[in-house]
Amino acid sequence: MRVVIVGAGITKFAEHWNKSFRELIVEAAVKAIESSGLKGEQIEAIYGGCMASGRLIGQEHIGALIADQLGLNPIPSTRCEAACASGGVALRTAYLAIKSGLHSIVAVGGVEKMTELSTQAVSFALGGAGDQEIELFHGATFPSLYALLARAHMHAYGTTEEQMASVAVKNHANALLNPNAQFHKEITIEDVMNSAYVAEPIKLLDCSPITDGAAALILASEDKAKELGLKGVEILASEQASDTLALSSRESLTELKATRIAAQKAYERAGIRPSDIDFAEVHDCFTIAEILAIEDLGFFKKGEGGLASEKGKTSLKGKIPINPSGGLKAKGHPVGATGVAQAVEAYMQLMGLADKRQVKNARIGLTHNVGGSGATAVVTIYKRFKG
Ligand code: COA
């Protein structure tokens with residue numbers, strides 16, 4: 001049974017002082033339902049990605065909250081948590097629910113409200129996605145863990161801080177074309193290089209920001225989509241892999257193994273190769289993460305991601321456009337929503353709805369969502385649904 005995304009919705013990613021967690025969910029979900037042309041009562045189940053609402057806003061039991069706010073009781077509504085990969089796991093779980101034949105129309109959501117707390121408190125909440133005993137307890141928050149990965153890559157392959165900066169410059173340029181992005185600000189290599197160190201060699205402008213936002217999708221079985229005459233984007237594969245929570249237990253610090261394995265399985269299931277991908281939304285929580293991703297996903301050889309970024313091969317008009325939405329770096333990173341937001345961008349690109357950031361001749365797209373410093377990775381591949 002093929003699975004088709006038949007509707008997508010997203011809020012603006014921002015510091016939303018005037019919108020609550022639940023209002024963000026409803027806004028994204030209503031947009032997704034309206035874009036599908038379906039009615040809420042046709043939805044049979046909900047899977048919602050949310051990482052840290054307990055620590056960030058004191059609210060748990062998000063599955064039930066979503067169904068309640070959407071007026072969709074009593075259908076089953078389940079929260080999925082896998083740190084920053086919560087949205088990707090929610091999407092994959094919904095895909096499996098349709099693949100299994102159990103449901104024929106399912107909603108997927110992702111949400112996070114992060115700006116209610118200080119940066120220090122948010123860093124501590126996010127740090128729980130690493131190994132609490134081995135890393136966070138000793139003060140290692142996410143910028144410092146990715147700084148270790150950056151140092152290892154610089155040492156092994158000569159990757160430079162300027163090459164990392166080029167990722168931020170490109171993603172800020174793409175975000176200028178995305179009305180839902182958090183930052184609409186052009187930056188230069190000099191701006192990045194002159195920004196303050198957060199955890200050397202990672203600087204302020206190498207980091208994704210702290211963001212509020214939500215995204216939603218409506219998925220249907222191929223049969224249901226045909227029966228109702230729905231257009232959309234087919235999910236060719238959605239694969240997930242796991243790795244150690246602590247970086248100190250990894251075999252290698254110059255790759256995210258879970259990404260490599262999830263990607264291999266996804267390419268195999270979809271029956272394609274990396275060179276068949278026309279664009280990708282990858283998990284650039286820090287600029288080094290995008291360099292690792294484009295290598296681990298097989299777009300560039302190991303060690304060549306930094307140079308490829310510097311040479312413009314990942315720009316909107318480059319060999320393979322990476323993060324046309326602006327990515328986590330500039331579109332924003334409301335952690336539990338990110339995996340779903342990436343799929344919303346894949347849907348927009350493949351439906352030809354991406355306006356000024358439209359990738360030319362986009363036929364096959366990929367999204368890559370990472371939890372923590374790589375302990376979870378979800379890779380999903382999409383193609384325009386022909387019906
Ligand atoms: N990129 C670009 N600009 C940023 C930014 C970012 N990541 N973060 C903040 N800014 C800007 C703000 O808009 C603000 O600009 P203004 O003075 O023009 O208004 C300025 O920098 C200061 O913002 P502030 O919120 O005070 O920054 P901060 O020092 O409290 O936080 C970081 C900055 C980088 C520490 C924070 O964004 C962070 O922790 N990011 C990483 C989040 C993370 O770990 N996510 C999970 C990944 S696995």
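How many helices and strands does the chain have? There are 14 helices and 11 strands. Keep in mind that this is a predicted model. A ligand is part of the picture too, and it sits in the largest pocket. Here's a quick tour, from the overall build to the ligand and then a few backbone oddities.

**Overall build**

- The C-alpha trace spans about 55 × 45 × 40 Å when you lay it out along its principal axes.
- A compact globule of 387 residues would have a radius of gyration near 21 Å, and the chain comes in at 19 Å, so the two agree.

**Who's around the ligand**

- The ligand has 15 residues surrounding it.
- The closest of them are Thr119, Leu205, Cys207, Ser208 and Lys329.
- Sort that shell by class and you get 11 nonpolar, 3 polar and 1 charged residues.

**Polar contacts and cover**

- From the side chain of Thr119, an N or O atom is 2.5 Å from an oxygen atom of the ligand.
- Cys207 joins in through its backbone: one of its N or O atoms there lies 2.7 Å from a ligand nitrogen atom.
- Pro209 also uses its backbone, with a polar atom 3.4 Å from a nitrogen atom of the ligand.
- On its own, the ligand has 920 Å² of accessible area, and the protein covers 62% of that.

**Cis peptide bonds**

- Most peptide bonds are trans, so cis ones are worth a look.
- One cis bond joins Asn73 and Pro74, with omega at about 10 degrees.
- You'll find Pro74 in the loop that runs between α3 (62-69) and β3 (77-80).
- Another cis bond joins Glu200 and Pro201, and here omega is about 10 degrees.
- Pro201 is in a loop as well, between β5 (197-199) and β6 (202-203).

**A positive phi**

- Most residues other than glycine have a negative phi.
- Asn323 goes the other way: its phi is positive, near 55 degrees, and it isn't a glycine.
- To spot Asn323, look in the loop between α12 (305-310) and α13 (327-331).

Note on methods. Residues are numbered from 1 along each chain as its sequence is written. This is a predicted model: local features need pLDDT of at least 70, side-chain atom pairs count only at pLDDT 80 or more; totals for chains, interfaces and linings use all residues. Side-chain values use heavy atoms; hydrogens and water are left out. A residue is near a molecule or strand if one of its heavy atoms lies within 4 Å of it. A polar contact is a pair of N or O atoms within 3.5 Å; within protein, one must be able to donate a hydrogen and the other to accept it, and residues adjacent in sequence count only if both atoms are side-chain atoms. Accessible areas come from the Shrake-Rupley method with a 1.4 Å probe; for residues, only the protein chains shown count as cover. On a 1 Å grid over the protein atoms alone, a cavity is a set of points where a 1.4 Å probe fits but cannot get out, and a pocket is an open set with protein on both sides within 12 Å along at least five of seven lines; lining residues have an atom within 4 Å of a point. A molecule sits in a cavity or pocket if more than half of its atoms lie within 2 Å of its grid points. Ala, Val, Leu, Ile, Met, Phe, Trp, Tyr, Cys and Pro count as nonpolar, Asp, Glu, Lys and Arg as charged, and the others, Gly among them, as polar. Helices (H or I, at least four residues) and strands (E, at least two) are DSSP runs, numbered from the N terminus. The radius of gyration is taken over C-alpha atoms; the globule rule is 2.2 Å times the number of residues to the power 0.38.
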